[in-house]
Amino acid sequence: MRPDLRTQQRDFLLEITRAITAQLDLSEVLRRVLHASLVMLAGRVGIVALSDKHDGSFAVRAYSGIAADDVPQLNGKLQELMTPQDEGGFSREFLNKKLREMADVIDPRLAQSIAMPLVFAHNPLGLLIVFRSYQTAITPEDLSTLQSFADQAAIAVNNAQLYGELNQEHQRLEAILNHSGDGVFILNPDLTFQRANLAFERMTGWRPQEVIGRLKSDKIVWDSLESADIEDALTAGWAQTESSDGRADTIYVEGDLLRRDGMKISIGITYAPMFTADGRLESIIANVRDVTNFRKAQEMQSIFISSVHHELRTPIAIIKGYASTLGRDDVEWNSDVIRENMAIIEDEADRLTNLVEDLLTASKIQAARELQLNMAETDLRGVAERTAARLESQTNHPIALSFSDNFPVIPGDEMRLRQVIENLLTNAIKYSPEDKTITVGGRFTEKSVTVFVRDQGAGIPKEQIEKVFERFYRVDDKLTSRTHGTGLGLYLVKAIVEAHGGEISVKSQVGSGSTFFFTLPRD
């Protein structure tokens with residue numbers, strides 16, 4: 001090759017490698033590599049195949065002068081080409097044979113093929129193949145120039161692949177951040193916002209674009225705080241240096257936040273520092289979690305434990321008191337007194353049994369175990385009459401019965417359905433003024449029966465009706481402070497009714513009482 005032609009070729013090589021390495025889009029890099037290869041070698045057909053990082057297989061990623069229908073067959077030939085014959089590796093005869101087979105797939109008139117591996121840091125990235133329509137000798141200088149080009153192309157492909165992976169990872173992290181159920185915001189070391197996600201907006205009312213560049217204290221305004229916030233932690237020396245084990249030294253704060261609209265929300269924030277390579281604080285990642293419901297559940301559970309303590313202690317104290325009285329040696333009790341006292345002991349023992357039964361049932365439901373129902377023909381009217389008679393003897397509330405004639409028996413668990421009626425009646429007694437009549441009754445159709453319990457109590461506020469069947473929930477009104485209960489009665493009622501394939505509902509008006517209905521199938 002003449003010196004001026006070689007210089008021209010090298011200048012061209014320098015120009016195209018600069019253009020290639022300036023690109024980070026893999027598709028554009030491959031297009032330029034292919035174009036430059038065809039120009040340099042006066043090729044008619046070109047292929048760039050890349051290796052899959054997961055399984056090492058090769059596939060055509062860019063091509064010129066080839067019909068798209070031929071690409072699957074070429075991929076098969078590539079696999080054969082890149083599979084060593086034996087431990088000795090590839091022979092020139094084997095390579096030439098496979099390249100000839102690929103040329104025949106494309107166009108049998110192709111006369112010469114030149115294959116250049118794309119290798120970066122001893123890592124095979126792919127293969128560049130150029131097919132020509134004529135045969136010509138390739139000098140060592142030509143090979144050196146081509147190898148330099150292949151090396152530069154490998155660098156460009158590697159950079160583009162790394163950029164693509166980084167971009168994909170960035171998009172993945174963006175998707176995780178924006179669609180996370182928890183609020184996330186990132187602070188600069190001076191505690192100004194770098195960014196925030198959509199969940200942060202839902203919790204605080206501040207749109208992400210409104211907080212960027214603003215001080216954290218301007219947007220995170222506490223109504224009450226249980227521990228020191230990030231400002232105090234930084235002043236005290238938190239996150240000044242990275243820990244020796246490389247783990248983030250997080251801090252957690254919790255309190256009631258004032259939203260943008262003035263409403264309050266209970267949140268917990270976990271702060272984690274991020275450091276630069278030389279150990280300086282670069283940013284602070286904050287994860288925000290809405291703990292309002294968790295706090296309510298804790299409060300309800302505390303009330304429940306207190307209520308259970310009272311509910312258990314009261315019958316136990318009464319049983320112990322009457323038993324001790326009957327057991328006195330210095331008094332002779334007549335049979336009527338003994339009978340009355342024993343009846344009270346029996347009633348309180350029943351009350352205690354019912355409470356324990358409620359607790360066990362609730363425990364089974366909470367453990368996600370299906371309620372075991374002992375199904376049999378059940379006379380709901382008879383169950384209601386017996387339950388009403390027993391409860392009426394223990395209270396000043398009259399209990400009236402209002403069942404349709406010929407009220408049918410249904411398949412059901414009598415013990416569980418008695419628990420339903422007793423809980424509804426007990427609930428009505430608790431929340432009704434004395435001497436006000438409570439009514440239990442039933443109606444039926446061909447397919448179902450409906451039982452109702454109606455009281456003349458204070459009623460349930462509209463906004464609380466949907467919550468009365470929740471575990472531990474008790475209606476918040478003046479009567480609540482004067483009545484005791486575990487907040488499990490209606491929760492169990494709903495669970496038992498639904499286990500029978502039924503439905504429960506309530507109609508109520510403040511000041512006019514409440515009526516609870518449950519409907520069960522007859523079949």
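## Two sheets and their helices

Helix α12, residues 380-392, lies across β12, β14 (438-444), β15 (448-454) and β17. The helix runs at about 170 degrees to β12. This is a predicted model.

**The mixed sheet.** The strands under α12 belong to an open sheet. Its five strands follow the order β12-β14-β15-β17-β16, with mixed pairing. β12 (399-403) and β16 (503-509) stand at the edges. Each has a single partner strand, so one side of each is left without a neighbour in the sheet. On average, neighbouring strands here are turned by 15 degrees against each other, direction ignored. At one end of the order, β16 and β17 (residues 513-521) run antiparallel and are joined by seven bridges. Within this pairing, S508 stands opposite S514 in β17.

**The antiparallel sheet.** A further open sheet has six strands, in the order β6-β5-β10-β9-β8-β7, and its pairing is antiparallel. Which strands stand at its edges? They are β6 (193-196) and β7 (221-225). Each has a single partner strand, so one side of each lacks a neighbour in the sheet. Here the average turn between neighbouring strands is 35 degrees, again with direction ignored.

The two sheets can be set side by side.

| Sheet order | Pairing | Average turn between neighbours |
|---|---|---|
| β12-β14-β15-β17-β16 | mixed | 15 degrees |
| β6-β5-β10-β9-β8-β7 | antiparallel | 35 degrees |

Inside the six-stranded sheet, strand β5 (residues 183-187) pairs with β10 over five bridges, in the antiparallel sense. L187 stands opposite I284 in β10. Strand β10 covers residues 281-290 and includes S283. Is S283 buried or exposed? Its relative accessible area is 5%, and the cut-off for buried is under 20%, so S283 counts as buried. Leaving aside residues up to four places away in sequence, S283 touches I186, L187, Q194, A272, P273 and M274. L187 thus appears twice: as a contact of S283 and as the residue opposite I284.

**Helix α13.** This helix takes in residues 414-430. At 1.5 Å a residue, its 17 residues should span 24 Å. The end C-alpha atoms are 24 Å apart, which agrees. At the start of α13, a side-chain oxygen of D413 reaches to within 3.1 Å of the backbone nitrogen of M415. Buried residues of α13 include the apolar L417, V420, I421, L424, L425, A428 and I429. R416, Q419, E422 and N423 are buried in this helix as well.

**Helix α4.** Residues 92-106 form helix α4. What span should its 15 residues have at 1.5 Å a residue? The expected value is 21 Å, and the end C-alpha atoms are 21 Å apart, which agrees. The buried residues of α4 are F94, K98, L99, M102, A103, V105 and I106. Their cover includes strands β1 (45-51), β3 (112-120) and β4 (123-132). Helix α3 (71-81) also helps to cover them.

**The whole protein.** The protein holds 14 helices and 17 strands. It has 523 residues, of which 41% count as buried. Of the contacts with a separation of 6 or more, 60% come from residues 24 or more positions apart. The protein exposes about 29100 Å². Carbon and sulfur atoms supply 51% of that area.

Notes: Residues numbered from 1 in each chain as written. Predicted model: local features only at pLDDT ≥ 70, side-chain atom pairs only at ≥ 80, totals over all residues. Heavy atoms only, no water. Helix = DSSP H or I, 4+ residues; strand = E, 2+ residues; numbered from the N terminus. Buried < 20%, exposed > 50% of the residue type's maximum accessible area, 1.4 Å probe, protein only. Contact = heavy atoms within 4.5 Å. Areas by Shrake-Rupley, 256 points an atom, 1.4 Å probe, with all protein chains shown as cover. Pairing = 2+ DSSP bridges. Axes fitted to C-alpha atoms, helices over the stretch in contact; angles between N-to-C directions. Expected span 1.5 Å × (residues − 1). Polar contact = N/O pair within 3.5 Å; in protein donor to acceptor, adjacent residues only side chain to side chain.
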